[in-house]
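Welcome! Here is a short tour of a few spots in this structure, with the picture to hand so you can follow along.

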2 protein chains.
Amino acid sequence: MALSKKPVNGMKDILPEEMQIRDYVQQVIKETYRSFGFTPIETPCMENIANLSNKQGGENEKLIFKVMKRGEKLKVAEAKEEADLVDFGMRYDLTVPLVRFYSNNANDLPSPFKAIQMGNVWRADRPQRGRYRQFMQCDIDIIGEPTNLAEIELILATTTTIGKLGFKNFEIRINERRILKAMAAYSGFAEEDFDTVFIILDKMDKIGLDGVAEELEKEGYAKESIEKYLTLFKGVEEAENGIKYLAKTLEGYLDPEVERNLLEIIDTVEGAKAASFKMVFDPTLVRGMSYYTGTIFEISMPELGAACGGGGRYDKMVGKFTGQDVPACGFSIGFERIILLLMESGFTVPTQRPKVAYLIEKGCPAEKLGEIIGKAQEERAAGKQVLVVRMNKNKKFQKEKLDAEGYKEIIEFFNK
Amino acid sequence: MALSKKPVNGMKDILPEEMQIRDYVQQVIKETYRSFGFTPIETPCMENIANLSNKQGGENEKLIFKVMKRGEKLKVAEAKEEADLVDFGMRYDLTVPLVRFYSNNANDLPSPFKAIQMGNVWRADRPQRGRYRQFMQCDIDIIGEPTNLAEIELILATTTTIGKLGFKNFEIRINERRILKAMAAYSGFAEEDFDTVFIILDKMDKIGLDGVAEELEKEGYAKESIEKYLTLFKGVEEAENGIKYLAKTLEGYLDPEVERNLLEIIDTVEGAKAASFKMVFDPTLVRGMSYYTGTIFEISMPELGAACGGGGRYDKMVGKFTGQDVPACGFSIGFERIILLLMESGFTVPTQRPKVAYLIEKGCPAEKLGEIIGKAQEERAAGKQVLVVRMNKNKKFQKEKLDAEGYKEIIEFFNK
């Protein structure tokens with residue numbers, strides 16, 4: 001069979017130039033998260049297919065790369081449907097695996113448990129420019145912390161990291177699933193319609209308030225509800241403090257705790273932040289995953305016009321595995337988008353070893369070669385990056401290429 | 001469907017304690033390899049199934065986790081055999097993907113190209129203690145260097161790394177595929193029997209010289225050949241220099257270049273080594289992969305009684321993708337075994353941030369919380385690891401657990 005030089009459709013090879021930036025960014029992320037007391041863990045890239053198809057993953061469950069059974073368990077001729085052939089699937093995010101991990105290992109973990117995960121996930125999206133079917137996710141999660149200390153620490157850790165990478169003037173948009181629900185209930189939408197209403201609301205940044213109204217009408221919802229709903233959003237825009245305005249207006253629909261909780265998160269983060277960004281309450285923020293139960297948030301970058309990470313509270317997910325709910329909250333950095341932005345901005349990794357190239361004339365006698373390699377070893381031990389290569393016939397071209405790779409010091413060794 | 005708390009069969013969750021060591025070892029490996037001018041790259045974890053089934057991977061090709069086709073391309077009812085259902089497979093090593101990567105990107109890469117790869121690979125081995133179906137591999141390869149400079153640099157880079165991790169008194173066993181072949185030819189084995197002979201020879205460290213002789217006899221090879229063959233191995237043992245002895249004895253069967261080449265590798269590495277180990281010529285070293293064409297080598301650890309990494313030259317593999325051979329040589333560290341040895345020896349990661357835990361009394365007022373978090377941020381910026389948690393009712397137990405996690409400094413904040 002012919003061998004293919006290309007990576008599989010929709011996935012990409014990562015070349016040294018990009019890898020250098022990725023390694024650096026990963027190191028900054030891990031180092032910063034560690035300073036907040038998060039500890040790294042890892043789970044297998046595959047999960048039992050039932051764990052991935054439990055309705056927690058929303059749309060992502062349609063995009064699973066499925067792994068075929070092996071050996072005697074695989075019965076191709078007898079198979080009637082896909083499910084007969086599959087036992088594992090590639091994870092589509094790091095949250096489902098984290099919750100399984102926690103359920104499996106809780107006895108050996110501190111409480112609250114603060115996890116860092118950095119790993120690839122896979123989604124069989126239609127291949128398109130700039131979006132890949134294998135990509136890195138970087139998540140931090142706090143499991144076992146019921147108070148907003150979790151949100152505060154997650155947002156501070158993430159924004160400190162993003163700030164260290166040189167990003168400025170971004171926003172953390174924040175909302176609460178309970179506010180979303182209270183606004184819809186107050187306006188008169190039926191609870192079974194909430195999800196549809198939120199899917200339409202989620203398009204706000206693309207189609208605007210009028211567009212949202214139009215789509216809600218198309219769905220056949222009562223004019224009065226739609227009007228009441230829109231008035232709420234306008235009210236937030238005009239209010240000095242949107243959260244206080246809603247807390248007052250939605251009295252009877254919204255747990256008063258939510259106001260205090262959100263304001264405390266925003267004030268504490270604003271007071272202790274170590275980067276240049278703003279906390280912004282955004283009642284139109286929805287976030288797709290159906291597992292969120294409370295606070296939700298997103299990083300919004302001016303350079304991107306899109307979210308560059310997000311997260312929220314999911315207090316009901318551990319219970320699906322163990323039968324007992326444990327509070328949980330997470331924040332995921334949009335690693336691939338960060339890398340893209342850094343590459344496009346011409347970012348170069350700071351503080352590298354000095355680079356030296358040794359060119360050795362061909363036919364170098366063994367003894368002399370030993371000396372040269374010995375010298376290279378000494379320079380490496382002293383902190384330099386030393387590349388030892390044979391001298392090419394076209395030495396000028398070779399030296400130009402080495403210079404372009406950053407080898408500003410080039411030493412030539414002749415046999416004499 | 002019931003959710004499973006366990007990882008998929010044969011794969012494992014990695015807890016913080018182990019992750020800390022893994023992260024440290026990865027960093028030492030990357031940092032050391034970089035000092036030799038190697039640059040990191042990454043390929044997707046999946047490859048087109050044809051690339052993985054091209055007979056280069058030997059036994060590993062039987063252990064591929066196969067990924068099912070998706071959408072319209074998947075026709076379960078019409079499928080007659082496995083191949084109808086599969087398009088991708090999980091990589092079983094990093095060498096096949098590297099060679100595909102090089103074939104795809106050679107124009108954008110320096111020559112010679114020195115690659116670092118660290119990534120997971122998957123093999124559907126029968127699950128067994130201490131051996132997992134997903135595991136990390138760490139490979140360095142040099143593509144485009146025909147001379148033994150490749151071997152010298154690979155062995156020095158790998159041994160320097162192993163040395164930095166604290167290992168001592170290990171051995172690098174080295175051999176040459178051409179010596180293996182010349183020994184077999186000289187003894188009178190037919191070329192088509194070489195592979196069988198080498199598979200038996202490979203058991204030498206388990207069954208000894210007599211065991212090898214016995215198995216060769218069982219296969220029905222001529223007594224005279226077997227005797228001649230054994231005499232060679234005994235000759236090496238008795239000789240002052242095994243390589244010189246063989247070069248002389250195998251005259252006419254072995255390219256004289258091989259002697260000069262191997263001796264130069266051994267002498268140069270011995271002269272420039274930055275760790276406590278020995279280079280040992282071992283004519284019984286076979287290494288399984290069918291793609292090796294020249295030098296082969298292995299790390300042998302006294303603590304392990306088994307190889308802990310290995311590699312060799314594979315000059316004919318790029319040609320399978322591009323039609324044109326390019327010299328190539330690689331060395332793979334047995335990452336999982338290294339981690340196992342370090343864990344068993346009670347290894348602790350050096351130079352960590354000082355760890356401080358803040359305990360906050362429940363019901364802390366917003367303003368006070370802001371102050372505490374602000375102080376944590378300052379200490380983090382100053383290089384400390386600060387964990388902020390709510391104070392439990394059973395504070396004594398909580399403090400004991402924090403102490404066990406390494407938080408020797410604990411500060412309590414009361415509401416007053």
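Let us begin in chain B of this predicted model, where strand S7 (residues 170-176) runs parallel to S8(B), joined to it by 5 bridges. In this pair, B:Phe170 of S7 stands opposite B:Phe277 in S8(B).

Strand S8 (residues 277-281) of chain B has two faces: B:Phe277, B:Met279 and B:Phe281 make up the covered one, while B:Lys278 and B:Val280 lie on the uncovered one. In a regular strand, side chains alternate between the two faces of the sheet.

Further along chain B, 3 strands form an open sheet in the order S13-S12-S14, with parallel pairing. Strands S13 (385-390) and S14 (409-413) of chain B stand at the edges with a single partner strand each, so one side of each has no neighbour in the sheet. From one strand to the next, the twist averages 20°.

Here are the two strand pairs of chain B described with their bridges:

| Pair | Sense | Bridges | Opposite residues |
|---|---|---|---|
| S7 (residues 170-176) and S8(B) | parallel | 5 bridges | B:Phe170 and B:Phe277 |
| S12 (residues 355-360) and S13(B) | parallel | 6 bridges | B:Tyr358 and B:Val388 |

Now over to chain A. Is A:Ile339 buried or exposed? A:Ile339, which sits in helix H12 (residues 335-344) of chain A, has a relative accessible area of 2%, so it counts as buried, the cut-off being under 20%. Leaving aside neighbours within four places in sequence, A:Ile339 is in contact with A:Glu18, A:Ile21, A:Arg22 and A:Val25. A:Gln352 is 13 residues from A:Ile339 in sequence, and their C-alpha atoms are 19 Å apart in space.

Terms used: Residues are numbered from 1 along each chain as its sequence is written. Chains are lettered from A and ligands numbered from 1 in the order in which they are written. This is a predicted model: local features need pLDDT of at least 70, side-chain atom pairs count only at pLDDT 80 or more; totals for chains, interfaces and linings use all residues. Side-chain values use heavy atoms; hydrogens and water are left out. Two strands pair if DSSP finds at least two bridges between them. Helices (H or I, at least four residues) and strands (E, at least two) are DSSP runs, numbered from the N terminus. Axes are lines fitted to C-alpha atoms, for helices over the stretch in contact, and angles run from 0 to 180 degrees between N-to-C directions. Buried means under 20% relative accessible area, exposed over 50%, partly exposed in between (1.4 Å probe, protein chains only). Contact means heavy atoms within 4.5 Å.
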